[in-house]
Amino acid sequence: MPIAILVAIVSGMGLFLPNFDRDPPAWALQTIAQDFTDLVVVVPTLITSALLAKRGSQRARLIWLGALSYLVYSFVIYAFGVQHNALFLVYIAALGCSLWALIGGMVTTDWRAIAVRFASRTPAKVVSIFLIVLAALFYLLWFSDEVPALLSGGVPASIKDMGLPTNPVHVLDMAMLLPTMILAGVWLWRQQAIGYGLATMMLVNGLFQTLGIATIMLFSIRAGLAAAAGPVLIFVALAIVHLALLAWYLPGAHSGRANPTRVYP
């Protein structure tokens, strides 16, 4: 609940005080769009999953952990990529609470007990391939922006447009998020216990990420900073795929008889 309150404060200030941000217009617009996604989608999911997890739902626990992983990602960007303002300590509080809740939640999760609940009909191979392929595609996308600039001795256009020293999204994706997606896919393919839970977390995280990116693009089009609707449709489609995979994958964690012989520690 404290995390939900902190996120709601940040999102509310960003949405309802339009002159609050001190960032360049393109970057400020992205944070406002992110605030909208957090307030409308992430906060309700965080509260609902936490309440259900408290009642013993393992599926809700995994969704809750996925939401926390997304908030850690988001508030690292707020803490390091947003111009210092009156909410700086709130950013730090939200980041710290989300990070330690995520660490505590993962440490106290019995991954094998969760894994053995997944039935043989769980689409583990499909989810594994999806996570690995999607991570590889995003690596290629970010490399296509970073590598030419490095070879020419210049700076990527995206960094110039945002007025930042570097692109925090590229840093977090290539150093943390994308490797985690690949590991989750590999471990799930090998039927290792943590793979079943981590894959769920990455699907939840990916759902929020793609919804957030689509919202940013829509806000940019509305503000006249972008004109192409095609990328919006791509990320909306990716969000739908994440949601569909979650709807297909999570029911495999049934409450009936499991098959623990399929799961490796």
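This briefing walks through two kinked helices, a surface patch and some ring pairs. The model is predicted, so local features need pLDDT of at least 70 and side-chain atom pairs count only at pLDDT 80 or more, while totals for chains, interfaces and linings use all residues. Residues are numbered from 1 along each chain as its sequence is written, and side-chain values use heavy atoms, with hydrogens and water left out.

**Helices 2 and 6**

- Helices here are DSSP runs (H or I, at least four residues), numbered from the N terminus.
- Helix 6 (residues 124–152) has 29 residues and should span 42 Å at 1.5 Å a residue, and its end C-alpha atoms are indeed 42 Å apart; the expected span is 1.5 Å times one less than the number of residues.
- Helix 6 still has a kink of about 35°, centred on Phe-143 (the bend is the angle between axes fitted to the seven residues ending at a residue and the seven starting there).
- Following helix 6 comes Gly-153, with a positive phi near 80°.
- Helix 2 (residues 25–54) has 30 residues and reaches 41 Å from first C-alpha to last, close to the expected 44 Å.
- The kink in helix 2 is about 40° and is centred on Asp-38; just after this helix, Gly-56 takes a positive phi of about 105°.

**Buried and exposed sides of helix 6**

- Buried residues in helix 6 include Leu-131, Leu-134, Phe-138, Trp-142 and Glu-146 (buried is under 20% relative accessible area, exposed over 50%, partly exposed in between, with a 1.4 Å probe and protein chains only).
- On the surface, Ile-129, Val-133, Leu-137, Leu-140 and Trp-189 make up a nonpolar patch with about 500 Å² of accessible area together; patch members have over 30% relative accessible area and no salt bridge, and nonpolar side chains are joined within 5 Å.
- Helix 6 gives the patch its largest share, 4 residues.
- Val-133 sits in helix 6 and is partly exposed at 42%.

**Aromatic pairs**

- There are 9 aromatic pairs in the structure (ring centres within 6.5 Å; planes under 30 degrees apart are stacked, over 60 edge-to-face, the rest tilted).
- Phe-75 and Tyr-78 are stacked, at 4.9 Å centre to centre and 25° between the planes.
- Those two residues are 3 apart in helix 3 (residues 58–81), so about one helical turn separates them, and both Phe-75 and Tyr-78 are buried.
- Phe-138 and Phe-235 form a tilted pair, because their centres are 6.3 Å apart and their planes at 50°.
- Phe-138 is in helix 6 and Phe-235 in helix 10 (residues 230–249), so this pair ties together parts 97 residues apart in sequence.
- Phe-138 is buried at 13%, and Phe-235 is buried at 12%.

Methods
Patch = residues over 30% accessible without salt bridge, like charges linked within 9 Å, V, L, I, M, F, W, Y side chains within 5 Å. Areas by Shrake-Rupley, 256 points an atom, 1.4 Å probe, with all protein chains shown as cover. Salt bridge = Lys/Arg side-chain N within 4 Å of Asp/Glu carboxyl O. Phe/Tyr/Trp six-rings, centres within 6.5 Å; stacked < 30°, edge-to-face > 60°.
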